[in-house]
Amino acid sequence: MKAIALRYPKFHWPEGKTSAAIISVDMDAESGLLFTNPETATQLDVMVHQAYDVRTGVYRLLDVFERKEIRTSFFIPGHAIERWPETVRDIVVAGHEIGHHGYLHEYLAGMDREEEEKILLRGLAAFEKVVGQRPQGYRAPGFKVNYWTPELLIKHGFIYDSSLQDFDIPYRLAVAESQEAPTIIELPVQWMLDDFAYYVHLPRLRPGFGIENPENVFAIWKAELDALVAEGGCFNLTVHPFLSGRASRCRIVERMIDYMQSIEQLWIAPAIEVAKHAQTVATARIWNRPIDQVC
Ligand code: ZN
């Protein structure tokens with residue numbers, strides 16, 4: 001048992017807290033579909049389906065966050081930042097963090113390093129133009145990253161990434177095997193805590209999929225929260241305004257927040273605050289050796 005404890009280190013949360021919860025809001029607007037299905041640019045019904053993100057869903061979520069006095073972390077692609085600057089500024093004024101989420105919600109899988117860096121810079125330019133501050137956090141669209149992604153993020157001044165799924169606690173993600181190699185804080189995510197896995201029905205493209213009963217989603221999320229609180233883990237919820245911003249689903253988000261706030265030892269914080277805390281404590285240091293040959 002001692003060996004197991006060493007392999008899965010206990011994470012030290014701030015004084016008085018024994019676990020943490022982050023609410024992250026991935027506000028993609030039209031960008032994701034424009035990347036995977038560029039033909040949808042001319043389809044009004046599909047485009048406005050995604051505009052629900054910024055016209056309705058986000059405001060319903062912001063209202064909940066304001067009433068519950070909770071600060072969260074948004075991840076927004078550069079294209080959505082440029083197309084919906086007023087909404088983005090409303091999010092900033094409401095006190096929430098905004099992290100980088102690609103430019104056109106590009107899936108990085110299959111891209112080379114140069115192409116990936118260009119996208120990173122294009123997203124940063126959108127922040128400079130509209131948000132007026134540099135993002136400190138990054139979430140890869142679709143949670144898809146390359147082996148060199150952490151190195152690019154460090155090069156461009158990011159404090160944390162939140163795209164990987166190998167731990168339930170924050171850790172240091174290293175760019176090379178050497179103990180001296182630079183690291184970036186990783187705040188792991190998981191598909192079970194992503195509303196995309198339950199609700200995503202897309203007109204024309206993905207009809208008839210995933211309209212889960214929000215009560216079932218609440219039950220899954222609550223069970224995971226209970227277990228992670230008991231273990232001292234980090235519950236990292238991902239919601240999309242065009243999905244969880246729908247009326248009945250938003251009530252589930254609100255109920256989750258009520259439940260989180262009823263747990264005294266649970267630290268509810270934006271991702272950047274969790275990442276900055278993780279920089280100050282001992283935690284796992286992970287380097288992912290590239291797999292260059294499949295036998
Ligand atoms: Zn996204």
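**View 1. The second largest pocket of this predicted model has a volume of about 260 Å³.** Here we look at an opening lined by 13 residues. To find its middle, look for Asn146, Tyr147, Trp148, Pro150 and Asn288, the lining residues that lie nearest the centre. Two elements, helix H7 and strand S6 (171-174), give two or more residues each to this lining. By class, the second largest pocket is lined by 10 nonpolar, 2 polar and 1 charged residues.

**View 2. The second largest cavity has Pro150 in its lining.** Pro150 also belongs to the lining of the second largest pocket, where it is one of the residues nearest the centre. Around the cavity, Pro150 is joined by Val145, Thr149, Leu153, Asp161, Leu164 and Leu173. Helix H7 (residues 149-155) gives the largest share of this lining, with 3 residues. Sorted by class, the residues around the second largest cavity are 5 nonpolar, 1 polar and 1 charged. The volume of this space is about 30 Å³.

**View 3. The largest cavity holds about 60 Å³ of space.** The structure has 2 cavities of 30 Å³ or more, and this view turns to the largest of them. Which residues line the largest cavity? Follow the chain and you will meet Phe167, Asp168 and Ile169, then Pro188, Val189, Gln190 and Leu193, and finally Leu228, Cys234 and Asn236. By class, this lining has 7 nonpolar, 2 polar and 1 charged residues.

**View 4. A zinc ion is held by protein donors from Asp28, His101 and His105.** Asp28 appears twice in the list of donors, each time through an OD atom, while His101 and His105 each offer NE2. These donor atoms lie 2.1 to 2.6 Å from the zinc ion. What angles are found among the 4 donor atoms? They run from 52 to 137 degrees, and the site is irregular. Along the chain, the donors follow the spacing D-x72-H-x3-H. Asp28 and His105 link distant parts of the chain, being 77 residues apart. Asp28 sits in the loop between strand S1 (19-26) and helix H2 (31-36), whereas His105 sits in the loop between strand S3 (97-100) and helix H6 (113-131). Are these two residues buried or exposed? Both Asp28 and His105 are buried.

**View 5. The largest pocket has a volume of about 360 Å³.** Two residues from the zinc view return here: Asp28 and His105 are among the lining residues that lie nearest the centre of this pocket. With them, nearest the centre, are Tyr107, Phe196 and His240. How many residues line the largest pocket? The lining is made of 26 residues, and the largest share, 3 residues, comes from H2. By class, 12 of the lining residues are nonpolar, 8 are polar and 6 are charged.

**View 6. Helix H12 (residues 271-278) is mostly covered.** Of the 8 residues in this helix, 6 are buried. Take a walk along H12 and pick them out: Ala271, Ile272, Val274, Ala275, His277 and Ala278.

**View 7. Gln50 is found in helix H3 (residues 44-67).** Gln50 counts as buried because its relative accessible area is 3%, under the 20% cut-off. The side chain of Gln50 is joined to that of His49 by a polar contact of 2.7 Å.

**View 8. Pro141 lies in the loop between strand S4 (137-138) and H7.** Is Pro141 buried or exposed? It is buried, since its relative accessible area is 0%. For a sense of distance, look across to Thr183: the two residues are 42 residues apart in sequence, and their C-alpha atoms are 21 Å apart in space.

**View 9. Glu82 belongs to helix H4 (residues 78-83).** Glu82 has a relative accessibility of 29%, so it counts as partly exposed. That class covers values between 20% and 50%. Glu82 and Gly123 are 41 residues apart along the chain, and 9.6 Å separates their C-alpha atoms.

Methods: Residues are numbered from 1 along each chain as its sequence is written. This is a predicted model: local features need pLDDT of at least 70, side-chain atom pairs count only at pLDDT 80 or more; totals for chains, interfaces and linings use all residues. Side-chain values use heavy atoms; hydrogens and water are left out. On a 1 Å grid over the protein atoms alone, a cavity is a set of points where a 1.4 Å probe fits but cannot get out, and a pocket is an open set with protein on both sides within 12 Å along at least five of seven lines; lining residues have an atom within 4 Å of a point. Grid points are joined across faces, edges and corners, and a volume is the space filled by probe spheres set on the points. Ala, Val, Leu, Ile, Met, Phe, Trp, Tyr, Cys and Pro count as nonpolar, Asp, Glu, Lys and Arg as charged, and the others, Gly among them, as polar. Helices (H or I, at least four residues) and strands (E, at least two) are DSSP runs, numbered from the N terminus. Buried means under 20% relative accessible area, exposed over 50%, partly exposed in between (1.4 Å probe, protein chains only). Donors are N, O and S atoms within 2.8 Å of the metal (3.2 Å for Na, K and Ca); water is not among the atoms, so sites may look incomplete. Four donors count as tetrahedral if all angles lie between 85 and 135 degrees; four count as square planar and six as octahedral if opposite donors are over 155 degrees apart and all others between 65 and 115; anything else is irregular. A polar contact is a pair of N or O atoms within 3.5 Å; within protein, one must be able to donate a hydrogen and the other to accept it, and residues adjacent in sequence count only if both atoms are side-chain atoms.
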